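Okay, thanks for coming, everyone. Have a look at the picture on the screen, and then I'll walk you through it.

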Amino acid sequence: RLLNIVEFCQDLIDSLQFSIGQSHILQFTHQPTCKTLLLDEKMLWQILTNLLTNAIKYSPIGATIELDIICEMHQLTCQIRDRGMGIPPESQTRLFEPFYRAANAKQRPGTGLGLTIVKRAVDLLNGEITIDSTIGVGTTVCVTLPLIADPPPSV
Ligand code: ATP
Ligand code: MG
């Protein structure tokens, strides 16, 4: 289904911001080239909601979380950046295992399934995910999804 990616991300950010109130600041940026894409809306919602929820959960109150999207001819790149607690290096290879939670998560509730679901969804869409994290500095998750086809011109 054709999806207006900018509206979609803005709506998602707005509803998440509404649900968390003032605890964190969510920011969305994109380029003017981002318009309508052929993408699975439910899968993208699942991916972004899980990643943004993690960024909120593992960042201090008042912190800013950024979602940035880059649209190219054949792929969409979504970057979720937080300045939160970061993930211990020894845990970084295990994050996609079901029920795995790193030591940094002890104080916060969770099942350890969020990233497992994200990884499966990204795989199903033939995409790629990378996590770059430094303790005490923050975490950046980058998801790249190939586009199903080029959208028709001037939609
Ligand atoms: P839930 O199933 O509710 O999402 P969860 O957040 O613990 O639980 P995942 O989303 O799968 O589980 O994340 C796995 C682990 O990776 C977390 O427990 C946490 O240790 C670490 N993690 C994930 N995202 C971040 C982040 N943005 N900053 C710091 N640690 C993170
Ligand atoms: Mg999670």
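Let's begin with Ile-25, which stands opposite Thr-64 in β4. That pair belongs to the ladder between strand β2, residues 25–30, and β4, where six bridges join the two. These two strands run parallel. Oh, and keep in mind that this is a predicted model.

Now stay with β4 for a moment, residues 64–71. Where do its side chains point? They alternate along the strand: Ile-65, Leu-67, Ile-69 and Cys-71 point to one face, and those are buried. Thr-64, Glu-66, Asp-68 and Ile-70 point to the other face, and they are not buried. If you haven't met this pattern before, here's the textbook version. In a regular strand the side chains alternate between the two faces of the sheet.

Next comes β5, residues 75–82. Seven bridges join β4 to β5, and this time the strands run antiparallel. You can find Asp-68 standing opposite Gln-79 in β5. The two strands make a hairpin, with three residues between them.

Moving on from β5, we get to β7, residues 138–146. Eight bridges hold β5 and β7 together, and they run antiparallel. One pair to look for on your screen is Leu-76 with its bridge partner in β7, Leu-145.

Then there's β6, residues 128–134. How many bridges join β6 to β7? Seven, and these strands run antiparallel. Here Asp-132 stands opposite Thr-140 in β7. β6 and β7 form a hairpin as well, with three residues between them. Look at the turn there: Gly-136 has a positive phi of about 80°.

So let's put the sheet together. It's an open sheet of five strands, in the order β2-β4-β5-β7-β6, and the pairing is mixed. β2 and β6 stand at the edges with a single partner strand each, so one side of each is left without a neighbour in the sheet. From one strand to the next, the twist averages 10°.

Let me zoom in on two residues of β6. Ser-133 is found in this strand. Is Ser-133 buried or exposed? Ser-133 has 22 C-beta neighbours inside 10 Å, so it counts as buried. The C-alpha atoms of Ser-133 and Met-85 are 9.0 Å from each other, although the two residues are 48 residues apart along the chain. The second residue is Ile-129, which lies in β6 too. Ile-129 has 20 other C-beta atoms within 10 Å, and because the cut-off for buried is 20 or more, Ile-129 is buried. Between the C-alpha atoms of Ile-129 and Gln-92 there are 13 Å, with 37 residues separating them along the chain.

Now for a couple of loop residues. Phe-99 lies in the loop between β5 and α3. What is special about its phi? For Phe-99, phi is near 70°, a positive value in a residue other than glycine. Phe-99 has 9 C-beta neighbours inside 10 Å, so it counts as exposed. Asn-126 sits in the loop between α3 and β6. Its phi is near 60°, again a positive value in a residue other than glycine. Asn-126 is exposed, with 10 other C-beta atoms within 10 Å.

Okay, helices. Two packed helices are described by the angle between their axes and the distance between the axes. For α1, residues 5–20, and α2, that angle is about 40° and the axes are 11 Å apart. α1 and α2 are therefore oblique to each other. The crossing, where α1 passes α2, is right-handed.

Last stop, the ligand. There are 22 residues around ligand 1. Which of them come nearest? Those are Tyr-58, Ala-102, Ala-105, Gly-110 and Gly-114. Helix α2, residues 41–57, and helix α3, residues 114–124, each supply at least two residues of the shell. The largest share, three residues, comes from α3. And if you sort the shell by class, you get ten nonpolar, ten polar and two charged residues.

That's my tour, so over to you for questions.

Methods. Residues are numbered from 1 along each chain as its sequence is written. Chains are lettered from A and ligands numbered from 1 in the order in which they are written. A residue is near a molecule or strand if its C-beta atom, placed from the backbone, lies within 6 Å of it. Helices (H or I, at least four residues) and strands (E, at least two) are DSSP runs, numbered from the N terminus. Ala, Val, Leu, Ile, Met, Phe, Trp, Tyr, Cys and Pro count as nonpolar, Asp, Glu, Lys and Arg as charged, and the others, Gly among them, as polar. A residue is buried if 20 or more other C-beta atoms lie within 10 Å of its own, exposed if 12 or fewer, and partly exposed in between; C-beta atoms are placed from the backbone. Two strands pair if DSSP finds at least two bridges between them. Axes are lines fitted to C-alpha atoms, for helices over the stretch in contact, and angles run from 0 to 180 degrees between N-to-C directions. Angles under 35 degrees count as roughly parallel, over 145 as roughly antiparallel, 65 to 115 as roughly perpendicular and the rest as oblique. A crossing is left-handed if the near helix is turned anticlockwise from the far one by less than a right angle, and right-handed if clockwise.
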